[in-house]
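Biologist: Please take one close look at the empty space inside this protein. Then work outwards to whatever surrounds it.

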Amino acid sequence: MKIIVTGGAGFIGGNFIHYMLNKYGDYKIVCLDKLTYAGNLSTLKDVLNDPRFAFVKADICDRKAVFELFGKERPDAVVNFAAESHVDRSITDPSLFLNTNILGTATLMDACRNFGVARFHQVSTDEVYGDLPTDRPDLMFTEKTPLSASSPYSASKASADLLVLAYYRTYGLPVTISRCSNNYGPYHFPEKLIPLMIVNALADKSLPVYGTGENIRDWLYVEDHCKAIDLILHKGRTGEIYNVGGHNEMKNIDIVKIILKKLGKPESLIKFVADRKGHDLRYAIDPTKISSELGWTPQTAFSEGIDKTVKWYLENREWWEEIISGEYIEYYKKMYGVKS
Ligand code: NAD
Ligand code: DAU
């Protein structure tokens with residue numbers, strides 16, 4: 001099987017490429033990535049010389065480049081991770097999110113139609129459902145929950161999902177969609193909560209917690225997400241959406257305290273800062289469909305996953321030190337200002 005993986009130099013796409021090449025000795029993977037600030041070739045350094053792997057630097061919005069690549073490679077499947085993925089950046093500058101996340105997805109699907117690709121898988125997010133109240137633990141997102149995006153990021157992902165389903169109905173394009181909760185693990189860019197807190201704590205910098213820190217996210221170890229996508233790709237029904245999440249709801253403030261404890265750093269590093277605009281209160285995924293139809297269950301408990309993650313950041317300083325030395329410094333100043 002030959003798969004084009006877009007956004008494979010990013011966090012989840014990079015983990016997915018490693019996972020698939022380890023699992024399937026005879027698969028070929030072509031990674032298409034623009035290498036934005038969030039894409040790092042060092043994430044793929046272990047596989048760059050693997051004859052089963054190829055890297056192509058291109059923008060998923062660049063129709064000519066995308067069609068040329070598809071014409072040359074003739075993939076069996078496409079898994080689309082490529083996206084602008086950070087909610088805070090979408091609040092500052094929505095337009096980039098609309099281009100990449102919506103128009104880029106359409107361009108990839110046009111190429112799939114043109115070259116008869118047997119599967120287009122869209123990696124979506126639980127954020128398309130909006131948020132849930134914190135005092136109703138019985139409520140969870142199912143695949144039938146109405147779309148109700150809060151941020152420009154989630155609105156762009158919801159728009160892309162609608163387009164994917166429209167291409168299925170109108171053109172019969174064989175699509176699947178996964179909507180996953182918050183991932184954590186190796187190669188996570190240190191602008192997102194968990195890696196940011198680890199990196200700041202290691203440098204004895206303050207840990208900026210938005211609002212009261214009571215917001216809840218449903219955390220899943222990234223390898224469990226990769227396993228879910230692998231299953232959907234091979235066994236999922238086309239035209240279907242699969243929610244992915246491991247029933248692991250946690251308050252932001254509790255996560256931050258766990259990280260501080262693991263690193264032996266004081267809670268006095270925590271700094272409550274201004275809240276995110278439109279901040280979603282709580283996410284919680286009901287994964288009944290993927291569990292009952294495809295037999296997916298998460299394998300990594302949070303206690304184990306967070307240990308592995310902290311250990312990875314301690315052992316791979318060069319990976320993140322390189323990242324936080326570039327454009328990141330400007331971003332950090334703009335985002336957190338004197339609050340850091
Ligand atoms: P990321 O920001 O770490 O990586 C995104 C990758 O896409 C980068 O390598 C970047 O260079 C590439 N990219 C961006 N714009 C591109 C373009 N125009 N053309 C080609 N490549 C481009 O993101 P992530 O956290 O790995 O998320 C991957 C996907 O999973 C996204 O679609 C996101 O919406 C979705 N998702 C993420 C999470 C999460 O917790 N991180 C959870 C659910 C779903
Ligand atoms: O739910 C899936 C989504 O999870 C993905 O679709 C997104 O791509 C991914 O970025 C993530 O979105 P979140 O907004 O939930 O993740 P983030 O790590 O940015 O924030 C997690 C929580 O932590 C959120 O409630 C905001 C809070 N936070 C975040 C940062 C960066 C802070 O309190 N301080 C911070 O500095």
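**The second cavity and its surroundings**

Modeller: The second largest cavity holds about 60 Å³ of space. This is a predicted model. A search of the whole structure finds 2 cavities of 30 Å³ or more. Rolling a probe the size of a water molecule over the atoms shows where empty space is left.

Start with the wall. The lining of the second largest cavity includes Val87, Ile91, Glu127, Ser150 and Ser151. Arg217 lines this cavity too. So do Arg276, Lys277, Gly278, His279, Asp280 and Tyr283. By type, this lining divides into 3 nonpolar, 4 polar and 5 charged residues.

Now the open space. The largest pocket has a volume of about 310 Å³. It is lined by 14 residues, and the closest to its centre are Arg89, Thr92, Glu327, Tyr331 and Lys334. Helix H3 (87-92), helix H4 (94-115) and helix H12 (327-336) each give at least two residues to the lining of this pocket. H12 supplies the largest share, 5 residues. The pocket lining counts 5 nonpolar, 2 polar and 7 charged residues.

H3 and H4 also meet helix H5. The buried residues of H5 pack against H3, H4, strand E5 (119-125) and strand E6 (175-180). These buried residues are Tyr153, Ser154, Ser156, Lys157, Ala158, Ala160, Asp161, Val164 and Tyr167. H5 covers residues 152-171, 20 residues in total. From first C-alpha to last, H5 reaches 28 Å, close to the 28 Å expected at 1.5 Å a residue. Gly172 follows H5, with a positive phi near 70°.

H12 leads elsewhere, into the largest nonpolar core. That core has 36 residues, of which Ile194, Ile198, Ile259 and Phe302 touch the most other members. At least two of its residues come from each of helix H6 (193-202), strand E8 (207-210), helix H8 (252-263), strand E13 (270-273), helix H10 (302-315), helix H11 (317-323) and H12. H6 provides the largest share of this core, 7 residues. Apart from it lies another core, of 33 residues. Ala58, Phe120, Tyr167 and Leu173 are among its members.

Phe302 merits its own look. Leaving aside neighbours within four places in sequence, Phe302 is in contact with Tyr184, Ile194, Trp219, Asn248, Met250, Ile255 and Ile258.

Two backbone details remain. Tyr187 is not a glycine, yet its phi is positive, about 65°. Tyr187 sits in the loop between strand E7 (183-184) and H6. With a relative accessible area of 14%, Tyr187 is buried, because the cut-off for buried is under 20%. His247 is not a glycine either, and has a positive phi of about 50°. His247 lies in the loop between strand E11 (240-244) and strand E12 (249-251). At 52% relative accessibility, His247 counts as exposed, because that class begins over 50%.

To draw this together: the second largest cavity has 5 charged residues in its lining, and the largest pocket has 7. H12 serves both as a contributor to the pocket lining and as a supplier of the 36-residue core.

Terms used: Residues numbered from 1 in each chain as written. Chains lettered and ligands numbered in written order. Predicted model: local features only at pLDDT ≥ 70, side-chain atom pairs only at ≥ 80, totals over all residues. Heavy atoms only, no water. 1 Å grid on protein atoms, 1.4 Å probe; cavity = no way out; pocket = protein on both sides within 12 Å on 5 of 7 lines; lining within 4 Å. Points joined across faces, edges and corners; volume = space filled by probe spheres on them. Helix = DSSP H or I, 4+ residues; strand = E, 2+ residues; numbered from the N terminus. Nonpolar A, V, L, I, M, F, W, Y, C, P; charged D, E, K, R; others polar. Expected span 1.5 Å × (residues − 1). Buried < 20%, exposed > 50% of the residue type's maximum accessible area, 1.4 Å probe, protein only. Contact = heavy atoms within 4.5 Å. Core = buried A, V, L, I, M, F, W, Y, C linked by side-chain atoms within 4.5 Å.
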